[in-house]
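Colleague: I am new to reading protein models. Could you walk me through one, feature by feature?

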Amino acid sequence: MNVVFYISGATAVLTTAIAITRRNAAHALLYLVVSLLSVALVFFTLGAPFAAALEVIIYAGAIMVLFIFVIMMLNPSAGNPAGGERAGDAPLRDWRLWIGPTILSAILGLELIYIFAGNAAGSTGAGEVVPEQVGVVLLGPYVLGVELASILLLAALVSASHLGRRALPGEEEITEGKGGS
Amino acid sequence: MMPADFTALLPYLILTGAAVAVLLAITIVRNHRLTAGLTMAGLVLAFAALPIALSAAPRAVTPLVEVDGFTIFFDGLLIAAAFAAAGFSYGYLQRRRIRREEFYLLLLTATLGACILPASVHFASLFLSLELLTVSLYGMIAYLRTELFGIEAAIKYLILASISSAFLLFGAALIYTDRGTLSLSRILLPESAAAGALHPVLMVAGLGMVLVGIGFKLAVVPFHMWIPDIYQGAPAPVSAFLATVSKGAVFAVLIRVFSLYTISSESGMYAVLVVIAAVSMFAGNWLALLQTNIKRLLAYSSIAHFGYLLVALLAAGPNSVTAAALYLAAYFVAILAAFGVIAAVSGSGGEAQELEDYRGLFWRRSWAAFVLTSAMLSLIGIPLTAGFIGKAYLLLAGLGSAVWLLAVVLIVTSAIGLYYYLRVILTMAQQPAAENRPAQPAVLDSRLGNIVLGALALGILWLGVFPAPVIEIIQRTASSVLPF
């Protein structure tokens, strides 16, 4: 299990370093997905399978995929001659673009097979935290935290809907000449 | 949870209920007056519930929240400030052709987050309530969607507040790694040091990062860069909210932490805080000297005021919590009045931000000019105003426990402050130079805003002339947090 931990940890550090140095946002996000996957494996080896599952489902799965789609749709470097190639234009033939994340994900996948083959029982942490325990703690001592988080989401939702909606007829709209600094 | 737990949480439950009521009311009928009325009624009810909660205090509700006299006092202060900010918002938003109702929902959620901050005795509740406050503020700062300055300020605040939250979280994680607990009252105790104690570097780095996170929110030097732009770009009622509720709640957390431990005056942490306090007092006042924009002037001077407040904390004497609470109350009243006047004299086209806009205000709108004058005098600390009593207590606390160096810095820098506050008053007293300034657009007087302004002006005078009842309340409630 220690080996799995160190390989995943090293992958996480490496991919994060690559992610923050890429000039192309889509490539950086691909590495960030791999980084989050390796962090999930780190959680797993530390004895937190529930946190690992959440990391994969929510961060690597939902949020990052959303980011990638948004970046591809907005296409920020289009019309910007200095901005490098467009995110959606990278031809699949160009193996240099996808080989890095693929190899790193493959390493993580091999680790997962290694774990599930039963070669690495137990955790390197103090013990295993099962989902049931997480639930009991969340609705026990941390119940006020859960309630606060729900109101936090309400506030974020209201802000986003107010800022994001279209202007109504008769409402103020941004006029030219009112520039910011 | 026991029934007494709900009694202790009653003010928070009412605030949450008010937010939900406003949400439902908006879905049924959009009416600015109704929404503002519901919001202010909710705030009044929550304020009225504080004595009921006090009857159950002190009570630890789950490991996250502790409701005691200290919490109740600061909640009262914060709810009152939020009420004043809501009062200014009504007239301010009424002049704009926008959807106004969601603003009050955000104001309520932000107030809820701020109110739970003084009660937080755990990193989880500290972080969640701070985020609740901050996330609501993003929406409030950018609320006028057509004001590009506001959107710019909101994005700056979003990025900087996220970074400071990241610092806070990372620091909490490091402390947890070392000590194995997230409870604020246990992280520095000797027994958890013996149980954990992986490495002192972890603990020092963790505490340092938490200090950075808190320092950002308080905008003390060297974490003060954001504050002038945000104050300037945000709508004036939101600036008032930021200056009072947001910063006051975070300062309450700081008092709570300081009350849990006596920081020895030889430790490195103490030295760092002394430097932060001294530099904040100097830098805030010097930078404010150069401003011609009244919102930026108030922003820079607030850096200095939180430096003054740190003096009370560092004094760590028997009067330090009383002095800090009293000064904070006096500062709240004065700064609310100042931003309230800015909101009141701003037209529908834009805000009156430049000092030039205030030239001759005594002739045009003598009531607003009178309130702004009393606010400025209170911020200076002229006798017969709230600020004087606050500063006197700060100096007593500082001199009483021999942090004389900071006390001297406080006096010297207050003298610098005299200059720019008086300049605002002088500008208002000067005859308007009619030829080079376009006539100000006629501004509808908001009756509600004027009533709130009157109450604040009265509060400044009352605190300055007859502070004994307030001091007694502080000593009965807030000072209960003291370990000595």
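Modeller: Happily! Let's begin with contact, which means heavy atoms within 4.5 Å. In chain B, 80% of the contacts with a separation of 6 or more are between residues 24 or more positions apart.

Colleague: Before we go on, what kind of model is this?

Modeller: This is a predicted model, where local features need pLDDT of at least 70, side-chain atom pairs count only at pLDDT 80 or more, and totals for chains, interfaces and linings use all residues. Residues are numbered from 1 along each chain as its sequence is written, chains are lettered from A and ligands numbered from 1 in the order in which they are written, and side-chain values use heavy atoms, leaving out hydrogens and water.

Colleague: How is the size of an interface often given?

Modeller: Often as the accessible area lost when the parts come together. Here buried area uses a 1.4 Å probe and is summed over both parts. Chain A and chain B bury about 3100 Å² between them, with 69% of it on carbon and sulfur atoms. A:Leu148, A:His162 and A:Glu172 supply 22% of the area that chain A buries against chain B, more than any other three residues.

Colleague: How many residues does each chain bring to the contact?

Modeller: Chain A gives 31 residues and chain B gives 38 residues.

Colleague: And how many salt bridges cross the interface?

Modeller: A salt bridge needs a side-chain nitrogen of Lys or Arg within 4 Å of a carboxyl oxygen of Asp or Glu. Across the interface of chain A and chain B, the rule finds zero.

Colleague: What are the spans of chain B?

Modeller: Along its principal axes, the C-alpha trace of chain B spans about 75 × 55 × 40 Å.

Methods. Buried area = accessible area lost by both parts, 1.4 Å probe.
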